[in-house]
Amino acid sequence: MQNQIRNFSIIAHIDHGKSTLADRILELTGAITAREFKDQLLDDMDLERERGITIKARAVRLSYKANNGLDYIFNLIDTPGHVDFAYEVSRSLAACEGAILVIDASQGVEAQTLANASLANENHLTLIPILNKIDLPSANIERCCKQLSEFFGMDPEEAILTSAKEGIGIKDILEAVIKTIPPPKGKPDGPLRALLFDSWFDTFQGAVVLIRVMDGTIRKGMRVRFISTQTEHEVLALGVHTPKAKPVESLSVGEVGYLVSGIRDVREAKLGDTITDAMYAGDVVPIPGYKEMKPMVFCGLYTIEANFYKDLKEALGKLRLNDGSFCYEPETSLALGFGFRCGFLGLLHMEIIRERLEREYHLDLISTAPTVVYRVTTQKGEILSIDNPAKLPPVGQIVRFEEPYIRGMIVTREEFLGALLNLCQERRGTQKGIEYMDMNQVKLTYEMPLGEIILDFYDQLKSLSRGYASFDYEPIGLREAYLSKVDILLNGEMVDALSFMIDKDQAYTRGKQIAEKLRESIPKQMFEVAIQAAIGTKVIARETIKAMKKNVTAKCYGGDITRKRKLWEKQKEGKKRMKQVGRIEVPQEAFLAVLKI
C-alpha cells in the first residue's frame, strides 16, 4: 500500500493556472461530479474567489487507476503563488516528496517560479515541469523549454505540455507523478511520528489539525503527545478530505489527513510540531519542521468600539492557528485606545488578515500605517528593536539607526527597463546585477531597504511595466541608515498612530504629502483644525482645515455695522471655547490616506 501513495504539491508564480490544474485533476480522478463542480474548487474562501488568488494551501486525497492497472492514492496540495504567502508553500512542501512546477507558456519563467523551485530543491523534492496554457495564441513553448534548461538544469524533453482550461495533458501529468515522484519512506511498524503542517479552529470540535504520517500508524482512540508543548490528548476523530471530509479509523505511513482531539487552547497546536504515541517510552526524534518565516511588516489593529477588544483578541488567537506566519502583541495608543501590534510577511498578507478578521469574526477595525523593525543603539549602549515609531527613544539619546534590507529580483521585458531602473533608484536601491535572458526578458537584482517596498512599490512596478514585471525578495539583514521620526499633530496634539519613520532626505516631502492628504480626509469641524508634520519640536509642514461657518448675520439687516461685529465676536469666542474642549475624530480613511501616498 505504501508504494502506491504519492504526495505532491502544485507550485507556480501567481496566476499561472495552479487552481485550474487542480480542478482538472479532481475531475479526472472522479473526486467530484460534474454537478458538484465549480471553478477554483479548492479555493473555498470568499476572498480567494473574489480576488482570483490562492491564500490558503488545501490538501485533498484522490484515488487514481493508472495505465499499469494499479490503484494509487494521491495526496495533492494546491499552494498560493504570491510572494507574501511563501510560508504556506514551505509548509506544504515539508509534507511532500515531489512537486508539479507550473509555468505559463505565454509568460515564461517569473520571479516566484524561481523562488518556489529553489524552495522545493532545499526540501530535496522531485520536480515535474509543466508548460500550461499552450492553447493561447501568445504561447511560446520553445522559449519556455530553453528557460527550463537555463534556470533549472532540466531536460526540456521532460516538460509536459498542458492546457488546464481545455483539459489537455492532465492524464500525462498523473502518469508522470507515478513514474517520477518516489513513494513515501518510513517504517509502518516503528513508533508514531506525524508532522502537524496546518490547523484551523472549529467552534464545535476545537482545533482541527492536518497531519502527514512519517512513521508508524495513528488510530482513533489512541493517546498522542505533541512534542514541543508536551501535552497529551486522545484522538477523538480521524479523517481525510476527498475533498469532502471522510472519517477513517487509522492513518499510516505517507497518508495525509485531519485529527480532532478536543484541543481548546489554540497554543497547544503549534505548526511544525511532531505528534507521537503518548504510551511510547523511548525517545522520538522530532521531524525537522519547515523554515520559520519572520514577520517583515508591522501595523497596529484596533477596534472602532473599545468594548470589542476582547473579541479581537480571541479572533487573532483563532486566526493564528490557521496562519502561523503572523504574530501579535497588545499595545495602547493615545489616539485609538487598546489594540494589537501585528506582524505580517508583506502588505497583501496584512490586507488579507485584516479582511478575514472583519468578515469571519464580524469586527470593525482601524489599521495604522505599516512599518518595519528598526534597530536602534542608544548612548547607554542599549540595542532596541523598534516596530512602532511611538516606542522610539528621544532623538538626543540615539547613536545609530539600522534598517532591514532585502535582495529583490525583478523579471521584466526589455522595453520597461528604464522606468523600473528609475523606480528602484528612487527607492534607494543598489543595483547588484542585470542579466539579459532570452526573448526580450531581463532579470534585475537590487538591494534596497524593506521600508521602501512595503507601501506601494509592487503597485508602481505593475503600473510601470503594464503588468509584465514580476517581483520576489528575500531578507539579507540590517544596515546603517539615516532616519527621522515624523510626528503628525492635530491642533497641537500628537496622533501617535500616524507617526512614521523615513529617510532624512525624504522627510519634508512625505510630511507635506501626508498633511495635504489628511486635510482632504478629515471632515470639517465646528472649529479650525491645524494639521502639522514635525520632527522633534521642528514643524516641517502645515495644513489647515477651515471651520464650518454659520452665517450669524443672515437675519441682521439695516442699522449700524457694530451690530454685525458684535455677533461675529460672539461666534469667535464660542469657537475658541469649543476648540479647547473639542475632540477631533480621525476616520479610517485618514489612516488609509497614508498608504496611498
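Which loop, between which helix and which strand, is arginine 428 found in? Keep that in mind while you get your bearings; this is a predicted model.

**The whole chain**

Start with everything shown as a cartoon. You're looking at a protein with 13 helices and 31 strands. Colour by burial and you'll find that buried residues make up 54% of the 597 residues. The accessible surface comes to about 27800 Å², and carbon and sulfur atoms own 49% of that area. As for contacts with a sequence separation of 6 or more, 69% of them join residues 24 or more positions apart.

**Stop 1: arginine 428**

Now select arginine 428 for the opening question: this residue is in the loop between α9 and β24 (430-436). Check its backbone: phi of arginine 428 is near 60°, a positive value in a residue other than glycine. Most residues other than glycine have a negative phi. Arginine 428 is partly exposed, because its relative accessible area is 21% and the cut-off for buried is under 20%.

**Stop 2: the α9/α10 pair**

From that loop, step back into α9 and select residues 417-426, then add α10, residues 457-464. How do these two helices pack, in terms of angle and axis distance? The angle is about 160° and the axes are 9 Å apart. Angles over 145 degrees count as roughly antiparallel, so that is what α9 is relative to α10. The crossing of α9 past α10 is right-handed.

Show side chains here. On the α9 side, the contact is made by Ala419, Leu420, Leu423 and Cys424. The α10 side brings Phe457, Gln460, Leu461 and Leu464. Sort the contact residues by class and you get seven nonpolar, one polar and no charged.

**Stop 3: lysine 133**

Here's another positive phi to click on. Lysine 133 sits in the loop between β5 (126-132) and α5 (141-152). Its phi is near 60°, positive although the residue is not glycine. Lysine 133 counts as partly exposed, because its relative accessibility is 22%.

**Stop 4: proline 182**

Next, select proline 182, in the loop between α6 (170-180) and β7 (193-202). Draw a C-alpha to C-alpha distance to asparagine 3: you should get 8.4 Å, for a pair 179 residues apart in sequence. Leaving aside neighbours within four places in sequence, the contacts of proline 182 are Arg6, Glu97 and Thr126. With a relative accessible area of 30%, proline 182 is partly exposed.

**Stop 5: aspartate 273**

Is aspartate 273 buried or exposed? Select it in the loop between β15 (256-263) and β16 (274-277). Aspartate 273 has 4% relative accessibility, so this residue counts as buried. Show what surrounds it: skipping residues up to four places away in sequence, aspartate 273 touches Ala194, Leu195 and Leu196, along with Phe226, Ile227, Ser228 and Thr229.

**Stop 6: isoleucine 535**

Finish in strand β30 (residues 529-535), where isoleucine 535 lies. Isoleucine 535 has 28% relative accessibility and therefore counts as partly exposed. Which residues does it touch, not counting those up to four places away in sequence? Isoleucine 535 touches Ser484, Lys485 and Val486, plus Ala507 and Ile540. For a last distance, pick the C-alpha atoms of isoleucine 535 and lysine 504: these two residues are 31 apart along the chain, and the atoms are separated by 9.9 Å.

Note on methods: Residues are numbered from 1 along each chain as its sequence is written. This is a predicted model: local features need pLDDT of at least 70, side-chain atom pairs count only at pLDDT 80 or more; totals for chains, interfaces and linings use all residues. Side-chain values use heavy atoms; hydrogens and water are left out. Helices (H or I, at least four residues) and strands (E, at least two) are DSSP runs, numbered from the N terminus. Buried means under 20% relative accessible area, exposed over 50%, partly exposed in between (1.4 Å probe, protein chains only). Contact means heavy atoms within 4.5 Å. Axes are lines fitted to C-alpha atoms, for helices over the stretch in contact, and angles run from 0 to 180 degrees between N-to-C directions. Angles under 35 degrees count as roughly parallel, over 145 as roughly antiparallel, 65 to 115 as roughly perpendicular and the rest as oblique. A crossing is left-handed if the near helix is turned anticlockwise from the far one by less than a right angle, and right-handed if clockwise. Ala, Val, Leu, Ile, Met, Phe, Trp, Tyr, Cys and Pro count as nonpolar, Asp, Glu, Lys and Arg as charged, and the others, Gly among them, as polar. Accessible areas come from the Shrake-Rupley method with a 1.4 Å probe; for residues, only the protein chains shown count as cover.
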